[in-house]
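Me: I would like to work through a protein model with its ligand. Can we take it step by step?

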Amino acid sequence: MIKQSKWVRAHTNIAFIKYWGKENEELILPKNNSLSLTLDAFYTDTQVSFDEDLNKDILFIDGEEQDEKALNKAQVILDLVREEADIHDFARIDSKNHVPTAAGLASSASGLAALAGAASLAAGLDLSKEELSRLARRGSGSASRSIYGGFAEWEKGTSDSNSVAIPIDKADWDIGMLFIIVDDGKKDVSSTEGMRRVVETSPYYEGWISSATEDLAAIKSAIKKQDIVEVGEIAERSALKMHALNLSANPPFNYWSPESIVAMRKVEEFRNQGYSVYLTMDAGPNVKLIGKASQMDELYQALLETFRKEQLVIAKPGPGIQILED
Ligand code: 2P0
């Protein structure tokens with residue numbers, strides 16, 4: 001017998017207050033609360049089928065079968081769902097990533113959120129948003145936030161049960177992002193390894209925790225006021241502090257390429273011209289601009305002097321997880 005879900009769609013999110021360090025690696029409990037914006041431009045569609053004829057779990061991304069390693073995070077979610085629903089069959093996961101060609105963007109947030117939705121649906125579990133967020137978190141921390149549209153906060157909690165994301169604001173105001181895709185092909189330090197290293201070795205880690213708490217309170221009040229300048233300034237500071245942790249780790253590491261610096265300077269130039277535009281960066285060289293959605297087309301045009309159009313993607317706030325009806 002086959003228990004098959006409908007297709008489930010989850011969008012990716014970008015953290016404005018970064019998650020960068022784990023309190024508990026197995027349960028994925030973070031050191032600090034984080035806050036993100038879910039975006040419309042990048043998403044993953046996933047379908048799960050529990051099938052008694054399978055003799056192992058299998059994962060297809062865009063039609064291509066993936067190796068065991070790619071299955072690791074997914075299997076944590078499958079196992080939790082099997083246990084909860086008392087299912088003993090292996091699963092086939094089909095995923096389609098909707099990310100612009102050559103974007104070089106990680107899709108673990110949207111991918112594992114969509115998987116949590118599809119696996120629980122196939123198993124016949126009727127999970128609340130909060131339960132879905134908790135389940136997605138066990139695959140990848142940032143996935144906990146992709147259950148919701150707009151701004152979401154992942155509350156670090158103290159245990160598996162209360163470490164979940166909650167919705168903060170629909171972001172139905174003039175805010176948007178612009179991605180500058182800078183793929184330098186260098187082998188990255190994985191997020192998992194990067195986080196472990198800063199927690200264990202950065203002399204600044206305590207400062208990160210205390211300032212993240214302050215930044216979080218400040219950005220929530222700025223979001224409430226729909227104040228793009230404050231939101232952008234706080235988000236940019238949070239990102240730069242995260243990258244400063246990496247430089248202060250032993251051994252030190254960073255995610256920047258020469259082209260990242262070029263993009264960062266552009267943001268400064270735009271600000272000097274009077275634009276309210278700020279940057280954020282994650283565990284890779286891409287630079288993401290935060291600003292008024294209504295000004296992104298102008299900035300896009302200006303960036304075409306320096307970057308190819310394939311490197312630029314405008315994104316608006318996106319929706320939460322959804323079941324696609326056939
Ligand atoms: C974030 N990042 O808040 C931070 C900022 C990257 C930089 O969450 O180890 O794939 O699976 O929990 O969620 C990327 O790491 O890490 C991430 P795990 P995840 O978005």
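Here are short questions and answers on the ligand, a pocket and the backbone of this predicted model.

Me: How many residues surround the ligand, and which are the closest?
Reply: A residue counts here if one of its heavy atoms lies within 4 Å of the ligand. By that test, 18 residues surround the ligand. The closest are Tyr19, Lys22, Ser140, Gly141 and Ser142.

Me: What is the distance from an oxygen atom of the ligand to an N or O atom in the side chain of Ser140?
Reply: A polar contact needs a pair of N or O atoms within 3.5 Å. The side chain of Thr192 has such an atom 3.3 Å from a ligand oxygen. For the side chain of Ser191 the value is 3.4 Å. For the side chain of Ser140 the distance is 2.6 Å.

Me: What share of the ligand's exposed area does the protein bury?
Reply: Start with the ligand taken alone, which exposes 470 Å². Of that area, the protein buries 92%.

Me: Which helix gives the most to the shell around the ligand?
Reply: The shell draws at least three residues from each of domain 1 (2-172) and domain 2 (176-315). By class it has 7 nonpolar, 6 polar and 5 charged residues. With 3 residues, the helix that gives the most is α4 (residues 191-201).

Me: How many charged residues line the second largest pocket?
Reply: This pocket has a volume of about 240 Å³. Its lining includes Leu80, Glu83, Arg134 and Asp160. Helices α1 (68-85) and α3 (129-139) each supply at least two lining residues. The lining has no polar residues and 5 nonpolar ones, and the number of charged residues is 6.

Me: Which residue does a cis peptide bond join to Asn250?
Reply: Look in the loop between α6 (228-247) and α7 (258-272), where Pro251 is found. Omega of the cis bond is about -5°. The residue joined to Asn250 is Pro251.

Me: Where does Ile28 lie?
Reply: Ile28 is a residue other than glycine, yet its phi is positive, near 55°. As for its place in the chain, Ile28 lies in the loop between β3 (22-24) and β4 (29-30).

How values were computed: Residues numbered from 1 in each chain as written. Predicted model: local features only at pLDDT ≥ 70, side-chain atom pairs only at ≥ 80, totals over all residues. Heavy atoms only, no water. Polar contact = N/O pair within 3.5 Å; in protein donor to acceptor, adjacent residues only side chain to side chain. Areas by Shrake-Rupley, 256 points an atom, 1.4 Å probe, with all protein chains shown as cover. Helix = DSSP H or I, 4+ residues; strand = E, 2+ residues; numbered from the N terminus. Nonpolar A, V, L, I, M, F, W, Y, C, P; charged D, E, K, R; others polar. Domains from an automatic or database assignment. 1 Å grid on protein atoms, 1.4 Å probe; cavity = no way out; pocket = protein on both sides within 12 Å on 5 of 7 lines; lining within 4 Å. Points joined across faces, edges and corners; volume = space filled by probe spheres on them.
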